[in-house]
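Please open the model in the viewer and display the whole chain before making any selection.

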Amino acid sequence: MHRTGHWLGMDVHDVGDYKVGGEWRVLEPGMVLTIEPGIYIPASLRGVPRGFRNVGIRIEDDVVVTRRGADVLTAPAPKDADEIEAVMAAA
């Protein structure tokens, strides 16, 4: 349904080329992007219990590229189902 991420900047979906001269762009220090794997189960999919049809789940991390690798800005955000449910219950 979507790619695995996008540039992140002044706009949530910042503009920028993913390829330069037909080649995938090399990440450079200072670039910020999302990594957001997801699974989407269509309502029409057979062989899947009805309760799971028409469900989409996506977890996003925001990452800044550094000289030494990457800094995951969203590392403290809960991603485990139990952690997420605890945060929601506390709200």
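The tour proceeds from the whole protein to one residue.

This is a predicted model, in which local features need pLDDT of at least 70 and side-chain atom pairs count only at pLDDT 80 or more, while totals for chains, interfaces and linings use all residues. Residues are numbered from 1 along each chain as its sequence is written, and side-chain values use heavy atoms, with hydrogens and water left out.

**Whole chain.** Select all C-alpha atoms: along its principal axes the trace spans about 45 × 35 × 25 Å. The radius of gyration of the protein is 17 Å, whereas a compact globule of 91 residues would have one near 12 Å (taken over C-alpha atoms; the globule rule is 2.2 Å times the number of residues to the power 0.38).

**Secondary structure.** Colour by element next: the protein has 7 strands and 1 helix, in the sequence order β-β-β-β-β-β-β-α. Helices (H or I, at least four residues) and strands (E, at least two) are DSSP runs, numbered from the N terminus.

**Surface and charge.** Buried residues (under 20% relative accessible area, 1.4 Å probe, protein chains only) make up 15% of the 91 residues. Turn on the surface: about 7300 Å² is exposed, and carbon and sulfur atoms supply 58% of it.

**Helix α1.** Finally, select residues 81-90, which form helix α1 and include alanine 90. Is alanine 90 buried or exposed? Alanine 90 is exposed because its relative accessible area is 68%, and exposed means over 50%. Add valine 72 to the selection: the C-alpha atoms of alanine 90 and valine 72 are 25 Å apart in space, with the two residues 18 apart in sequence.

Conventions
Accessible areas come from the Shrake-Rupley method with a 1.4 Å probe; for residues, only the protein chains shown count as cover.
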